Amino acid sequence: MLISVIISAYNRKEFLKNAIRSVYSQLLDKRLYEVVIVKNFEDKDIDDYIAKLGYKNIVCDTPSYGEQISVGIEESKGEILAFLEDDDEFKQEKLSKIYNVFSTQKEVSYFHDTREYIYNDKIVDINTKDPKINWIIRFLEEITPHEDVLINPFDKRMENFLIKYYGTVATVSLMAVRRSCIEDKLALLKQINIGVEDFIPAFAAEYGKLFHTADRLTRYRIHNKNTSIALNEKDTLRTLFYYMRFINDGKIIINNISPKIGFEVL
């Protein structure tokens with residue numbers, strides 16, 4: 001079984017080498033995973049680094065996140081697709097856990113892990129008192145279950161759980177999925193502007209169960225260029241625009257998802 005890690009970057013360079021380095025540093029045998037980087041820019045330092053590691057480097061100048069991810073999938077070969085945004089990082093054991101879950105639990109179509117937090121290039125304790133970020137961490141911790149959970153999306157009883165813990169289907173860097181779940185949906189994915197984190201679990205749910213682990217395997221970076229977080233008043237308009245695009249993406253997903261899925265209303 002091969003895992004394809006798809007790293008995406010759009011107009012951001014400062015964190016990308018850290019993201020790539022975190023994948024290179026995985027404990028999993030390097031023969032068991034490949035790396036595809038999709039970005040909308042060329043940069044000699046970054047491009048030389050990618051070439052040195054032997055990873056695939058694709059320039060795709062599109063503002064559509066869905067199209068960018070689709071290009072990465074089309075250029076990959078793995079049975080399992082794992083995603084990483086340029087400002088986040090994998091912990092060393094992340095791909096080993098993904099490999100173990102998908103190789104031993106055949107009913108699982110979707111994998112999601114739990115966040116660790118980075119702020120100002122330092123790992124932050126979840127109980128930090130820093131007023132700039134403690135409210136963000138508290139919110140994210142409240143919507144994420146802190147135990148391993150296997151979700152049957154066709155079980156209507158899971159609706160209340162997913163409404164409370166919708167952090168199990170959020171943030172692309174925490175996600176991995178079987179290729180067979182979305183490979184035939186790439187034309188649709190290319191229509192998604194920004195809501196890839198909704199698209200992936202929604203269609204994975206048509207093929208199997210959703211697995212969430214309480215293990216903190218991804219470092220989630222908090223910074224003033226987070227698309228969905230406003231750290232100051234200046235960021236508010238950007239986040240409002242982000243949510244408007246999300247609404248349009250949601251309509252596409254709802255109109256194409258199976259009506260049998262238990263959490264279709266989310």
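The following exchange between a trainee and a mentor works through a predicted model.

Trainee: What is the mean pLDDT of the protein, and over which residues is the pLDDT below 50?

Mentor: Of the residues in this predicted model, 86% reach a pLDDT of 70 or more, and the mean for the protein is 88. One stretch falls below 50, and although it has 19 contacts in the model beyond near neighbours in sequence, those should be read together with that low pLDDT. The stretch in question is residues 261-266.

Trainee: How many helices and strands does the protein have, and what percentage of its residues is buried?

Mentor: The protein has 10 helices and 10 strands. Among its contacts with a separation of 6 or more, 75% are between residues 24 or more positions apart. Carbon and sulfur atoms hold 51% of an accessible surface of about 12400 Å². Of the 266 residues, the buried share is 56%.

Trainee: Which residues of the largest nonpolar core touch the most other members, and which element gives the largest share of this core?

Mentor: In soluble globular proteins, nonpolar side chains tend to be buried together. The largest such core here has 33 residues, and Ile-73, Phe-83 and Ile-182 are those that touch the most other members. The largest share, 6 residues, comes from helix α9.

Trainee: Which residues is Phe-83 in contact with, and how many residues are in the other core?

Mentor: Leaving aside neighbours within four places in sequence, Phe-83 is in contact with Ile-6, Ile-69, Ile-73, Phe-90, Val-172, Ser-173, Met-175, Val-177, Ile-182 and Ile-200. Apart from the largest core lies another, whose members include Tyr-49, Leu-84, Phe-90 and Val-101, and the number of residues in that core is 31.

Trainee: Is Phe-203 buried or exposed, and what distance separates its C-alpha atom from that of Lys-185?

Mentor: Phe-203 lies in helix α9, which spans residues 196-204, and Phe-203 counts as buried because its relative accessibility is 0%. Beyond four places in sequence, Phe-203 touches Cys-181, Ile-182, Lys-185, Leu-188, Ile-253, Asn-256 and Ile-257. Lys-185 is 18 residues away from Phe-203 along the chain, and the separation of their C-alpha atoms is 8.4 Å.

Trainee: Why do the buried residues of helix α4 lie on the same side of α4?

Mentor: In helix α4, residues 94-104, the buried positions are Lys-94, Leu-95, Lys-97, Ile-98, Val-101 and Phe-102. They lie on the same side of α4 because the arc they cover around the axis is only 155°.

Trainee: Which side chain is joined to that of Thr-218 by a polar contact of 2.7 Å?

Mentor: Thr-218 is placed in strand β10, residues 209-222, and counts as buried because its relative accessibility is 1%. Not counting residues up to four places away in sequence, Thr-218 touches residues including Glu-89, Phe-90, Asp-113, Arg-115 and Leu-174. The 2.7 Å polar contact joins the Thr-218 side chain to that of Lys-94.

Trainee: Where is Asn-11 found, and what is its phi?

Mentor: Most residues other than glycine have a negative phi. Asn-11 is found in the loop between β1 and α1, and this residue is exposed, with a relative accessible area of 55%. Although Asn-11 is not a glycine, its phi is positive, at about 60°.

Trainee: Where is Asp-121 placed, and what value is its phi near?

Mentor: Asp-121 is placed in the loop between β6 and β7. Its relative accessible area is 59%, so Asp-121 is exposed. Its phi is positive in a residue other than glycine, with a value near 65°.

Methods. Residues numbered from 1 in each chain as written. Predicted model: local features only at pLDDT ≥ 70, side-chain atom pairs only at ≥ 80, totals over all residues. Heavy atoms only, no water. Buried < 20%, exposed > 50% of the residue type's maximum accessible area, 1.4 Å probe, protein only. Helix = DSSP H or I, 4+ residues; strand = E, 2+ residues; numbered from the N terminus. Arc of directions from axis to C-beta. Contact = heavy atoms within 4.5 Å. Areas by Shrake-Rupley, 256 points an atom, 1.4 Å probe, with all protein chains shown as cover. Core = buried A, V, L, I, M, F, W, Y, C linked by side-chain atoms within 4.5 Å. pLDDT = per-residue confidence, 0-100. Polar contact = N/O pair within 3.5 Å; in protein donor to acceptor, adjacent residues only side chain to side chain.
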